[in-house]
Amino acid sequence: VFTKAGYQVLVHVTQRQSDAMEVAASQGKGADMIVCSGGDGTLNEVISGMMKLHRIPLLGYIPAGSTNDFASSLKLPKNMVDAARNVVEGMPLPIDIGAFCEERNFVYIAAFGAFTEVSYLTPQDKKNVLGHQAYMIEGVKSLTSIKSYRMQVESDEAVLEGEFIFGMITNTRSVGGFKGLVSKEVELDDGVFEALFITTPRTPMDFSNIIN
């Protein structure tokens, strides 16, 4: 698809964590377009690498992960060939990019607390076979190790202080395959992110509601 559209294609198959970020930063300088084929984590790495470039090329995305939250928000085709055609023939869209710790970037979520390690702890072979269900299984295992964090959260509108077991800054309509955790009115290019913080449960009923 890309060759027929006139592109000279250089392919790199990622080998390890941070590989996509390093390659995007080192080889993206003269590129007209960088295309990421992978899951949300790979996409996040590619964008982190691209943000190090003086001139940022176009970014194309062919979703090939087990959940593909961000692709769902963008309504990208699930068929890989159709997704490639969409990159070549579609209109470019601006996307908000978040940053933290000065050198880390994220495109659709940054989170802390309960369940946030699930995507890293879930074995790749389980993801390949079970997809979204693999995350559910690993998530249930993590229920016994939930701890709280004392935090003060500041924004232009408010200051929030308390004990939290989970928090996320997002720019997506789907998180971990779940829709409805954040507002349905999410705009991906408005310069604003959505935030969700869950306070530490005080009663068994609180805990039950949080799990549901």
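## Salt bridges, a lined pocket and local backbone features

Arg 16 has a relative accessible area of 48% and is therefore partly exposed. In this predicted model, the side chain of Arg 16 meets that of Glu 22 in a salt bridge, with an N to O distance of 2.8 Å. Glu 22 is likewise placed in the partly exposed class, because its relative accessibility is 37%.

### Salt bridges

Side chains of opposite charge can pair when their charged atoms come close. Under the distance rule applied here, a side-chain nitrogen of Lys or Arg must lie within 4 Å of a carboxyl oxygen of Asp or Glu. By that rule the count is three salt bridges. The table lists them with their N to O distances.

| Basic residue | Acidic residue | N to O distance |
|---|---|---|
| Arg 16 | Glu 22 | 2.8 Å |
| Arg 85 | Asp 82 | 3.3 Å |
| Arg 150 | Glu 161 | 3.7 Å |

The pair Asp 82 and Arg 85 is contained in helix α4, where the two residues are three positions apart, about one turn of the helix. Asp 82 is partly exposed, at 36% relative accessible area, and Arg 85 is partly exposed as well, at 38%.

The closest N and O atoms of Arg 150 and Glu 161 are 3.7 Å apart. Arg 150 belongs to strand β6 (residues 149-154) and Glu 161 to strand β7 (residues 159-170), so this salt bridge ties together parts that are 11 residues apart in sequence. Arg 150 counts as exposed, with 56% relative accessibility, and Glu 161 also counts as exposed, with 51%. The cut-off for the exposed class is over 50% relative accessible area, so the value of 51% places Glu 161 in that class.

### The second largest pocket

Rolling a probe the size of a water molecule over the atoms shows where empty space is left. The second largest pocket has a volume of about 710 Å³. Its lining consists of 24 residues, and those nearest the pocket centre are Leu 59, Gly 60, Pro 92, Leu 93 and Ile 95. Two or more lining residues come from each of the elements α2 (40-50), β2 (58-63), α3 (69-74) and α4 (80-89). Strand β2 gives the most, with four residues.

What is the chemical character of the residues in the lining of the second largest pocket: nonpolar, polar or charged? The lining divides into 21 nonpolar residues and three polar residues, with no charged residue.

### A nonpolar surface patch

Tyr 7, Val 9, Val 11 and Val 13 make a nonpolar surface patch of about 380 Å². One of these residues, Val 9, is located in the segment before α1 (19-27). Val 9 is partly exposed, having a relative accessible area of 46%. Residues enter a patch when their relative accessible area is over 30%, so Val 9, at 46%, satisfies that condition.

### Backbone features

Most residues other than glycine have a negative phi, and most peptide bonds are trans. Against that background, two residues call for comment. Ser 18 is not a glycine, yet it has a positive phi of about 75°. Ser 18 is placed in the segment before α1 and is partly exposed, at 23% relative accessibility. Lys 75, also not a glycine, has a positive phi of about 60°. Lys 75 is situated in the loop between α3 and α4, and its relative accessible area of 69% makes it exposed.

### Contacts between residues apart in sequence

Which residue is 24 residues from Glu 194 in sequence and 5.2 Å from it in space, C-alpha to C-alpha? The residue is Thr 170. Glu 194 lies in strand β10 (residues 194-199). Glu 194 counts as buried because its relative accessibility is 17%, where the buried class is defined as under 20%.

A second pair is formed by Ala 31 and Pro 57, which are 26 residues apart along the chain and have their C-alpha atoms separated by 6.4 Å. Ala 31 occupies the loop between α1 and β1 (33-38). With a relative accessibility of 18%, Ala 31 also counts as buried.

Notes. Residues numbered from 1 in each chain as written. Predicted model: local features only at pLDDT ≥ 70, side-chain atom pairs only at ≥ 80, totals over all residues. Heavy atoms only, no water. Patch = residues over 30% accessible without salt bridge, like charges linked within 9 Å, V, L, I, M, F, W, Y side chains within 5 Å. Areas by Shrake-Rupley, 256 points an atom, 1.4 Å probe, with all protein chains shown as cover. Buried < 20%, exposed > 50% of the residue type's maximum accessible area, 1.4 Å probe, protein only. 1 Å grid on protein atoms, 1.4 Å probe; cavity = no way out; pocket = protein on both sides within 12 Å on 5 of 7 lines; lining within 4 Å. Points joined across faces, edges and corners; volume = space filled by probe spheres on them. Nonpolar A, V, L, I, M, F, W, Y, C, P; charged D, E, K, R; others polar.
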